[in-house]
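Please open the model in your viewer and keep a selection tool at hand. The stops below move from the whole chain to a sheet, then to the interior, and finally to a loop.

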Amino acid sequence: MEPTPRDLGYRMPAEWEPHAGTWLAWPHEPRDWPGKFGAVPWVFAEIARHLQDGERIRMIVGNASEKAAASAALKQSGVSPGRVRFIKLPTDRSWTRDFLPSFVVRRGSAPRLAAVKWRFNGWARYANHQKDERSGLKAAEQMHIPVYQPEAEMKGGLGRVVLEGGAIDVDGQGTLLATEQCLLTGRQARNHALGRSGTETILREYLGAEKVLWLGKGIAGDDTGGHVDDFARFVAPGTIVVADEKNPRDPNYKPLNEARERLKNARDARGRRIQVVRLPMPSPVIFNGERLPASYANFYIGTGAVLVPTFNDPRDRIALGILGELFPGRKVVGIHSTDFVLGLGTIHCSTQQEPLV
(Lines give C-alpha, C1' and ligand atoms only; values in the text may rest on other atoms or scores of the structure.)
Protein backbone atom coordinates (compact mmCIF):
# COMPACT_ATOMS: atom_id res chain seq x y z
CA MET A 1 0.00 0.00 0.00
CA GLU A 2 1.37 3.41 -0.99
CA PRO A 3 2.18 5.80 1.90
CA THR A 4 -0.27 8.65 2.38
CA PRO A 5 0.78 12.29 2.83
CA ARG A 6 0.32 11.89 6.59
CA ASP A 7 2.66 8.89 6.56
CA LEU A 8 5.28 11.12 4.91
CA GLY A 9 4.86 14.00 7.35
CA TYR A 10 2.65 16.32 5.27
CA ARG A 11 -0.14 18.47 6.70
CA MET A 12 -2.44 21.16 5.38
CA PRO A 13 -1.34 24.54 6.77
CA ALA A 14 -3.74 27.13 8.12
CA GLU A 15 -4.65 29.88 5.68
CA TRP A 16 -2.88 32.49 7.83
CA GLU A 17 0.48 30.76 7.39
CA PRO A 18 2.76 32.38 4.76
CA HIS A 19 1.86 31.99 1.10
CA ALA A 20 4.06 31.76 -1.96
CA GLY A 21 1.08 32.86 -4.01
CA THR A 22 -2.66 33.01 -4.49
CA TRP A 23 -4.34 31.25 -7.43
CA LEU A 24 -7.14 33.02 -9.28
CA ALA A 25 -8.93 32.20 -12.55
CA TRP A 26 -9.90 35.14 -14.71
CA PRO A 27 -13.72 35.24 -14.98
CA HIS A 28 -15.11 34.43 -18.41
CA GLU A 29 -18.56 32.86 -17.95
CA PRO A 30 -21.24 35.60 -18.14
CA ARG A 31 -24.01 33.14 -17.29
CA ASP A 32 -22.64 32.91 -13.74
CA TRP A 33 -23.40 36.62 -13.25
CA PRO A 34 -26.40 37.31 -15.53
CA GLY A 35 -26.68 41.03 -16.14
CA LYS A 36 -23.78 41.88 -13.86
CA PHE A 37 -20.77 40.25 -15.47
CA GLY A 38 -19.20 43.58 -16.45
CA ALA A 39 -18.39 44.37 -12.82
CA VAL A 40 -16.82 41.01 -11.99
CA PRO A 41 -13.37 41.25 -13.65
CA TRP A 42 -12.74 44.42 -11.68
CA VAL A 43 -13.40 42.54 -8.44
CA PHE A 44 -10.69 40.05 -9.40
CA ALA A 45 -8.35 42.93 -10.21
CA GLU A 46 -9.02 44.43 -6.77
CA ILE A 47 -8.30 41.11 -5.09
CA ALA A 48 -4.97 40.90 -6.91
CA ARG A 49 -4.11 44.52 -6.11
CA HIS A 50 -4.47 44.04 -2.39
CA LEU A 51 -2.64 40.71 -2.33
CA GLN A 52 0.35 41.60 -4.52
CA ASP A 53 2.52 43.11 -1.78
CA GLY A 54 2.47 39.92 0.26
CA GLU A 55 2.55 37.21 -2.38
CA ARG A 56 2.55 36.48 -6.08
CA ILE A 57 -0.60 36.10 -8.13
CA ARG A 58 -1.06 32.91 -10.18
CA MET A 59 -3.72 33.83 -12.73
CA ILE A 60 -5.36 31.08 -14.79
CA VAL A 61 -6.53 32.19 -18.24
CA GLY A 62 -8.14 30.12 -20.96
CA ASN A 63 -6.52 31.66 -24.02
CA ALA A 64 -4.55 34.60 -25.39
CA SER A 65 -7.53 36.96 -25.49
CA GLU A 66 -8.34 36.27 -21.83
CA LYS A 67 -4.72 36.90 -20.94
CA ALA A 68 -4.77 40.22 -22.79
CA ALA A 69 -8.01 41.28 -21.08
CA ALA A 70 -6.70 40.27 -17.67
CA SER A 71 -3.36 41.99 -18.23
CA ALA A 72 -5.06 45.24 -19.20
CA ALA A 73 -7.48 45.23 -16.28
CA LEU A 74 -4.77 44.33 -13.76
CA LYS A 75 -2.49 47.07 -15.04
CA GLN A 76 -5.29 49.64 -14.94
CA SER A 77 -6.02 48.62 -11.35
CA GLY A 78 -2.44 49.09 -10.21
CA VAL A 79 -1.23 45.49 -10.18
CA SER A 80 2.45 45.20 -11.04
CA PRO A 81 3.00 42.88 -14.05
CA GLY A 82 6.00 41.42 -12.26
CA ARG A 83 3.75 40.12 -9.50
CA VAL A 84 1.52 38.08 -11.84
CA ARG A 85 2.21 34.75 -13.50
CA PHE A 86 -0.30 33.62 -16.12
CA ILE A 87 -1.12 29.92 -16.47
CA LYS A 88 -3.02 28.90 -19.59
CA LEU A 89 -5.68 26.32 -18.73
CA PRO A 90 -9.30 26.03 -19.92
CA THR A 91 -11.87 26.27 -17.12
CA ASP A 92 -15.64 26.15 -16.78
CA ARG A 93 -15.81 28.70 -13.98
CA SER A 94 -13.55 30.80 -11.77
CA TRP A 95 -13.92 29.16 -8.34
CA THR A 96 -10.32 28.04 -7.81
CA ARG A 97 -10.97 27.17 -4.16
CA ASP A 98 -12.97 24.18 -5.29
CA PHE A 99 -11.30 22.71 -8.36
CA LEU A 100 -7.64 23.30 -7.58
CA PRO A 101 -5.80 20.93 -5.23
CA SER A 102 -5.49 21.32 -1.49
CA PHE A 103 -1.83 22.05 -0.88
CA VAL A 104 0.00 20.28 1.93
CA VAL A 105 3.49 20.89 3.30
CA ARG A 106 6.25 18.90 4.94
CA ARG A 107 8.51 20.96 7.18
CA GLY A 108 11.95 20.08 8.46
CA SER A 109 15.44 20.04 6.98
CA ALA A 110 14.04 19.37 3.49
CA PRO A 111 10.69 21.22 3.33
CA ARG A 112 8.43 20.24 0.48
CA LEU A 113 5.09 21.12 -1.07
CA ALA A 114 2.61 18.54 -2.36
CA ALA A 115 -0.88 18.64 -3.85
CA VAL A 116 -3.94 16.65 -2.88
CA LYS A 117 -6.19 16.64 -5.95
CA TRP A 118 -9.70 15.64 -5.05
CA ARG A 119 -12.22 14.76 -7.74
CA PHE A 120 -14.31 17.77 -8.65
CA ASN A 121 -17.85 16.93 -9.72
CA GLY A 122 -19.38 20.40 -10.06
CA TRP A 123 -20.61 20.42 -6.44
CA ALA A 124 -22.78 17.40 -7.32
CA ARG A 125 -25.00 19.92 -9.13
CA TYR A 126 -23.60 21.22 -12.43
CA ALA A 127 -22.90 19.02 -15.44
CA ASN A 128 -20.32 21.36 -17.00
CA HIS A 129 -17.37 20.83 -14.70
CA GLN A 130 -14.97 18.66 -16.72
CA LYS A 131 -12.66 21.52 -17.74
CA ASP A 132 -12.31 22.56 -14.12
CA GLU A 133 -11.59 18.99 -13.07
CA ARG A 134 -8.89 18.52 -15.71
CA SER A 135 -7.32 21.93 -15.14
CA GLY A 136 -7.08 21.37 -11.41
CA LEU A 137 -4.93 18.32 -12.03
CA LYS A 138 -2.87 19.98 -14.77
CA ALA A 139 -2.12 22.96 -12.55
CA ALA A 140 -0.63 20.66 -9.94
CA GLU A 141 1.32 18.66 -12.51
CA GLN A 142 2.84 21.83 -13.96
CA MET A 143 4.26 22.67 -10.53
CA HIS A 144 6.37 19.47 -10.57
CA ILE A 145 5.42 18.51 -7.04
CA PRO A 146 4.02 15.23 -5.69
CA VAL A 147 0.31 14.88 -6.50
CA TYR A 148 -2.00 12.62 -4.52
CA GLN A 149 -5.48 11.65 -5.73
CA PRO A 150 -7.37 10.10 -2.80
CA GLU A 151 -9.35 6.95 -3.47
CA ALA A 152 -11.63 4.91 -1.25
CA GLU A 153 -14.00 2.00 -1.42
CA MET A 154 -17.33 3.20 -2.74
CA LYS A 155 -20.43 1.38 -3.91
CA GLY A 156 -19.25 -0.49 -6.95
CA GLY A 157 -15.58 -0.53 -6.04
CA LEU A 158 -12.66 1.83 -5.64
CA GLY A 159 -13.37 5.45 -6.57
CA ARG A 160 -11.81 8.87 -6.28
CA VAL A 161 -12.92 10.96 -3.32
CA VAL A 162 -14.86 14.14 -4.08
CA LEU A 163 -14.11 17.27 -2.08
CA GLU A 164 -13.86 21.02 -2.60
CA GLY A 165 -11.69 23.49 -0.74
CA GLY A 166 -14.73 25.46 0.39
CA ALA A 167 -16.11 22.38 2.13
CA ILE A 168 -13.35 22.43 4.74
CA ASP A 169 -11.35 24.82 6.90
CA VAL A 170 -8.28 23.92 8.98
CA ASP A 171 -6.26 25.36 11.85
CA GLY A 172 -2.94 23.90 10.64
CA GLN A 173 -2.62 21.95 13.89
CA GLY A 174 -4.76 18.93 13.12
CA THR A 175 -8.30 20.30 13.42
CA LEU A 176 -10.71 20.56 10.50
CA LEU A 177 -14.18 22.09 10.12
CA ALA A 178 -16.83 20.64 7.79
CA THR A 179 -20.59 20.21 7.57
CA GLU A 180 -22.58 17.02 7.64
CA GLN A 181 -24.89 18.41 4.96
CA CYS A 182 -22.07 18.81 2.45
CA LEU A 183 -20.13 15.61 3.05
CA LEU A 184 -22.42 13.11 4.78
CA THR A 185 -26.16 13.64 4.72
CA GLY A 186 -27.39 16.26 2.25
CA ARG A 187 -28.90 15.73 -1.19
CA GLN A 188 -25.55 16.77 -2.67
CA ALA A 189 -23.43 14.87 -0.11
CA ARG A 190 -20.14 14.26 -1.87
CA ASN A 191 -19.18 10.85 -0.55
CA HIS A 192 -22.23 9.55 1.24
CA ALA A 193 -21.00 5.98 0.94
CA LEU A 194 -17.89 6.73 2.98
CA GLY A 195 -19.85 7.70 6.07
CA ARG A 196 -18.45 9.71 8.96
CA SER A 197 -15.67 7.29 9.85
CA GLY A 198 -14.50 6.77 6.28
CA THR A 199 -14.54 10.50 5.57
CA GLU A 200 -12.56 11.27 8.71
CA THR A 201 -9.99 8.64 7.75
CA ILE A 202 -9.46 10.23 4.34
CA LEU A 203 -9.17 13.73 5.83
CA ARG A 204 -6.65 12.46 8.36
CA GLU A 205 -4.47 10.54 5.90
CA TYR A 206 -4.38 13.21 3.17
CA LEU A 207 -4.63 16.51 5.07
CA GLY A 208 -3.36 15.60 8.53
CA ALA A 209 -6.74 16.28 10.17
CA GLU A 210 -6.58 14.45 13.48
CA LYS A 211 -9.98 15.77 14.55
CA VAL A 212 -13.00 16.88 12.53
CA LEU A 213 -15.45 19.33 14.07
CA TRP A 214 -18.77 18.56 12.38
CA LEU A 215 -21.33 21.31 11.97
CA GLY A 216 -24.82 20.77 10.58
CA LYS A 217 -26.05 22.79 7.60
CA GLY A 218 -24.86 25.65 5.43
CA ILE A 219 -26.54 28.98 4.75
CA ALA A 220 -29.46 29.94 2.53
CA GLY A 221 -28.66 30.55 -1.13
CA ASP A 222 -25.58 28.33 -1.13
CA ASP A 223 -25.69 26.15 -4.24
CA THR A 224 -22.83 23.96 -2.99
CA GLY A 225 -25.05 22.20 -0.46
CA GLY A 226 -23.39 23.29 2.74
CA HIS A 227 -19.89 24.71 2.29
CA VAL A 228 -18.49 25.65 5.67
CA ASP A 229 -16.49 28.63 4.38
CA ASP A 230 -19.71 30.63 4.04
CA PHE A 231 -20.33 30.74 7.79
CA ALA A 232 -17.61 29.26 10.04
CA ARG A 233 -13.86 29.84 9.79
CA PHE A 234 -10.73 29.37 11.84
CA VAL A 235 -8.98 32.67 12.56
CA ALA A 236 -6.36 31.28 14.97
CA PRO A 237 -5.67 27.94 16.68
CA GLY A 238 -8.61 27.34 18.99
CA THR A 239 -10.64 30.30 17.65
CA ILE A 240 -13.48 30.14 15.13
CA VAL A 241 -15.68 32.93 13.81
CA VAL A 242 -19.27 31.87 13.22
CA ALA A 243 -21.77 33.99 11.32
CA ASP A 244 -24.55 35.36 13.52
CA GLU A 245 -28.10 35.96 12.29
CA LYS A 246 -30.27 37.96 14.74
CA ASN A 247 -33.61 37.60 12.95
CA PRO A 248 -35.47 34.48 14.20
CA ARG A 249 -37.54 34.43 11.01
CA ASP A 250 -34.51 34.26 8.74
CA PRO A 251 -33.70 30.76 7.40
CA ASN A 252 -30.11 31.16 8.60
CA TYR A 253 -31.08 31.75 12.23
CA LYS A 254 -31.52 28.11 13.23
CA PRO A 255 -28.47 26.51 11.50
CA LEU A 256 -26.12 29.26 12.68
CA ASN A 257 -27.31 28.98 16.27
CA GLU A 258 -26.92 25.23 16.05
CA ALA A 259 -23.35 25.62 14.77
CA ARG A 260 -22.43 27.74 17.78
CA GLU A 261 -24.07 25.25 20.12
CA ARG A 262 -22.05 22.40 18.65
CA LEU A 263 -18.83 24.33 19.16
CA LYS A 264 -19.66 25.51 22.67
CA ASN A 265 -18.16 22.45 24.38
CA ALA A 266 -15.97 21.24 21.55
CA ARG A 267 -12.23 20.73 21.81
CA ASP A 268 -9.71 20.82 19.02
CA ALA A 269 -7.08 18.23 18.11
CA ARG A 270 -4.79 19.56 20.86
CA GLY A 271 -7.46 19.52 23.53
CA ARG A 272 -8.19 23.25 23.60
CA ARG A 273 -11.72 24.51 24.12
CA ILE A 274 -12.97 26.39 21.09
CA GLN A 275 -13.42 30.12 21.43
CA VAL A 276 -16.34 31.21 19.25
CA VAL A 277 -16.44 34.78 17.92
CA ARG A 278 -19.71 36.05 16.45
CA LEU A 279 -19.45 37.66 13.03
CA PRO A 280 -22.64 39.42 11.88
CA MET A 281 -24.52 38.40 8.78
CA PRO A 282 -25.40 41.18 6.33
CA SER A 283 -29.02 41.90 5.62
CA PRO A 284 -30.36 39.44 3.04
CA VAL A 285 -29.08 40.09 -0.48
CA ILE A 286 -31.76 39.23 -3.04
CA PHE A 287 -31.57 39.66 -6.80
CA ASN A 288 -34.38 38.85 -9.20
CA GLY A 289 -36.18 37.06 -6.38
CA GLU A 290 -33.22 34.81 -5.51
CA ARG A 291 -31.62 34.75 -2.05
CA LEU A 292 -27.84 34.95 -2.47
CA PRO A 293 -25.25 33.49 -0.06
CA ALA A 294 -23.92 36.84 1.15
CA SER A 295 -21.68 36.40 4.18
CA TYR A 296 -18.69 38.16 5.69
CA ALA A 297 -17.28 34.74 6.62
CA ASN A 298 -16.21 34.20 3.02
CA PHE A 299 -13.09 36.29 3.66
CA TYR A 300 -9.61 35.33 2.46
CA ILE A 301 -6.52 35.49 4.65
CA GLY A 302 -3.60 36.61 2.50
CA THR A 303 -0.04 36.90 3.72
CA GLY A 304 -0.33 40.66 4.16
CA ALA A 305 -4.05 41.34 3.90
CA VAL A 306 -7.43 39.90 4.86
CA LEU A 307 -9.97 40.53 2.10
CA VAL A 308 -13.58 40.66 3.25
CA PRO A 309 -16.69 40.72 1.03
CA THR A 310 -18.87 43.76 1.73
CA PHE A 311 -22.44 44.46 0.64
CA ASN A 312 -23.27 48.18 1.02
CA ASP A 313 -24.64 47.29 4.44
CA PRO A 314 -24.27 49.10 7.79
CA ARG A 315 -22.94 45.84 9.21
CA ASP A 316 -19.97 45.98 6.81
CA ARG A 317 -17.99 48.17 9.19
CA ILE A 318 -18.85 45.98 12.19
CA ALA A 319 -17.56 42.87 10.40
CA LEU A 320 -14.42 44.68 9.26
CA GLY A 321 -13.81 45.87 12.81
CA ILE A 322 -14.16 42.39 14.29
CA LEU A 323 -11.79 40.88 11.74
CA GLY A 324 -9.39 43.80 12.18
CA GLU A 325 -9.10 42.94 15.88
CA LEU A 326 -8.59 39.26 15.07
CA PHE A 327 -5.83 39.97 12.53
CA PRO A 328 -3.86 42.89 14.02
CA GLY A 329 -0.79 42.21 11.87
CA ARG A 330 -2.62 42.42 8.55
CA LYS A 331 -4.56 45.11 6.77
CA VAL A 332 -8.24 44.18 6.64
CA VAL A 333 -9.84 45.39 3.41
CA GLY A 334 -13.44 45.33 2.26
CA ILE A 335 -14.06 44.22 -1.33
CA HIS A 336 -17.44 45.31 -2.70
CA SER A 337 -19.27 42.07 -3.51
CA THR A 338 -22.95 42.88 -4.02
CA ASP A 339 -22.59 42.16 -7.74
CA PHE A 340 -20.01 39.43 -7.24
CA VAL A 341 -22.22 37.30 -4.97
CA LEU A 342 -24.71 36.82 -7.82
CA GLY A 343 -22.29 34.08 -8.91
CA LEU A 344 -23.17 32.33 -5.60
CA GLY A 345 -19.70 32.79 -4.15
CA THR A 346 -17.32 35.60 -3.25
CA ILE A 347 -13.71 36.07 -2.22
CA HIS A 348 -12.77 32.85 -0.46
CA CYS A 349 -14.47 30.80 -3.16
CA SER A 350 -12.41 32.46 -5.90
CA THR A 351 -8.98 32.16 -4.23
CA GLN A 352 -6.69 29.26 -3.40
CA GLN A 353 -3.53 29.70 -1.38
CA GLU A 354 -0.23 28.13 -2.31
CA PRO A 355 1.76 27.75 0.92
CA LEU A 356 5.32 28.97 1.17
CA VAL A 357 7.95 26.27 1.77
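Begin with the whole chain in a cartoon representation, where 8 helices and 20 strands can be picked out; bear in mind throughout that this is a predicted model. If you draw a box along the principal axes, the C-alpha atoms fill roughly 50 × 50 × 40 Å. A compact globule of 357 residues would have a radius of gyration near 21 Å, and the chain, with 19 Å, agrees with that expectation.

Now switch on a surface, for which the accessible area of the chain comes to about 14,400 Å², with 49% of it belonging to carbon and sulfur atoms. Beneath that surface, 60% of the 357 residues are buried. If you display contacts with a separation of 6 or more, 74% of them are accounted for by residues 24 or more positions apart.

**The sheet around strand 1**

Next, select residues 19-25, which form strand 1, and then add its partners in the sheet. Strand 1 belongs to an open sheet of 4 strands in the order 3-2-1-20, with mixed pairing. At the edges, each pairing on one side only, are strand 3 (84-88) and strand 20 (352-355). Looking along the sheet, you will find neighbouring strands turned by 25 degrees against each other on average, with direction ignored.

Which way does strand 1 run relative to strand 2 and to strand 20? With strand 2 (residues 56-61), strand 1 pairs in the parallel sense over 5 bridges, whereas 4 bridges join strand 1 to strand 20 in an antiparallel arrangement. In general, the strands of a sheet pair through backbone hydrogen bonds, in either of these senses.

Centre the view on threonine 22, which stands opposite isoleucine 57 in strand 2 and also opposite glutamine 353 in strand 20. Is strand 1 mostly covered or mostly open? Strand 1 is mostly covered, with 7 of its 7 residues buried.

To see an element that lies across strand 1 and strand 2, select helix 1 (residues 40-51), which runs at about 175 degrees to strand 1.

**The nonpolar interior**

Hide the cartoon and show side chains for the largest nonpolar core, which has 83 residues and in which Leu177, Phe231, Ile240 and Phe299 have the most contacts. Helix 1 gives this core its largest share, 7 residues. Then centre on leucine 177 and, leaving aside neighbours within four places in sequence, look for the residues in contact with it, including Ala167, Ile168, Leu213, Leu215, Val228, Phe234, Ile240 and Leu263; Asp169 and Arg233 are also among the contacts of leucine 177. A second, separate core of 27 residues can be selected afterwards, and among its members are Ala152, Met154, Leu184 and Leu194.

**A loop residue to finish**

Finally, go to alanine 294, found in the loop between strand 16 (290-291) and strand 17 (300-301). Why does alanine 294 count as buried? Its relative accessibility is 5%, and because buried means under 20%, alanine 294 falls in that class. Leaving aside neighbours within four places in sequence, alanine 294 is in contact with Ile219, Met281, Pro282, Val285, Phe311 and Val341. As a last distance to draw, take the C-alpha atoms of alanine 294 and phenylalanine 86, which are 208 residues apart along the chain and separated by 29 Å.

Key:
Residues numbered from 1 in each chain as written. Predicted model: local features only at pLDDT ≥ 70, side-chain atom pairs only at ≥ 80, totals over all residues. Heavy atoms only, no water. Pairing = 2+ DSSP bridges. Helix = DSSP H or I, 4+ residues; strand = E, 2+ residues; numbered from the N terminus. Axes fitted to C-alpha atoms, helices over the stretch in contact; angles between N-to-C directions. Contact = heavy atoms within 4.5 Å. Rg over C-alpha atoms; globule rule 2.2 N^0.38 Å. Buried < 20%, exposed > 50% of the residue type's maximum accessible area, 1.4 Å probe, protein only. Areas by Shrake-Rupley, 256 points an atom, 1.4 Å probe, with all protein chains shown as cover. Core = buried A, V, L, I, M, F, W, Y, C linked by side-chain atoms within 4.5 Å.
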